[in-house]
Amino acid sequence: MSVQDDLTAVQRCLDDLARSVGRLEKQLGTGGIEMRRVRTDANHLRESVALLREAAASPTPQRKPELVTIPDTPYDDSLWIDTDDEGLGARDRHAP
């Protein structure tokens, strides 16, 4: 099965879900927080599938991440002036 076939099957299921939720709303009413939550969740699923369908329709080529070369030479000591050693505090102070 292709991705488009799977997405179409999911869309059909979501359409069935929306119809079922609509029937439940007629029977139970729309005032309860549970019914609103079910309706909202069903709408979120529809939006998510629509986004998946868009992403599947126009696949973007995979870009390789840009590599950053880190030199083997030591860092300049002036970078560490006035810094605290992690867990030890400042160099010229002692722990209480």
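Helices here are DSSP runs of H or I with at least four residues, numbered from the N terminus. This is a predicted model, in which local features need pLDDT of at least 70, side-chain atom pairs count only at pLDDT 80 or more, and totals for chains, interfaces and linings use all residues. Residues are numbered from 1 along each chain as its sequence is written, and side-chain values use heavy atoms, with hydrogens and water left out.

Select residues 3-28 to show helix α1. At 1.5 Å times one less than its number of residues, the 26 residues of α1 should span 38 Å, and its end C-alpha atoms agree at 36 Å apart.

Next, pick Leu7, Leu14, Val21, Gly22 and Glu25, which are buried in α1 (under 20% relative accessible area; exposed is over 50%, partly exposed in between; 1.4 Å probe, protein chains only). The buried residues of α1 pack against α2.

Stay on Glu25, which counts as buried because its relative accessibility is 18%. Beyond its neighbours within four places in sequence, Glu25 is in contact (heavy atoms within 4.5 Å) with Thr30, Met35 and Arg39.

Move to Gly29, just after α1, where phi is positive at about 90 degrees.

Now go to Trp80, in the segment after α2 (33-57). Trp80 counts as partly exposed because its relative accessibility is 43%.

To finish, add Val68, Ile70, Tyr75 and Leu79 to the selection; with Trp80 they make a nonpolar surface patch of about 610 Å². Such a patch takes residues with over 30% relative accessible area and no salt bridge, its nonpolar side chains (Val, Leu, Ile, Met, Phe, Trp, Tyr) joined within 5 Å and, for charged patches, like charges within 9 Å. Accessible areas come from the Shrake-Rupley method with a 1.4 Å probe, and for residues only the protein chains shown count as cover. A salt bridge is a side-chain nitrogen of Lys or Arg within 4 Å of a carboxyl oxygen of Asp or Glu.

Methods: Helix = DSSP H or I, 4+ residues; strand = E, 2+ residues; numbered from the N terminus.
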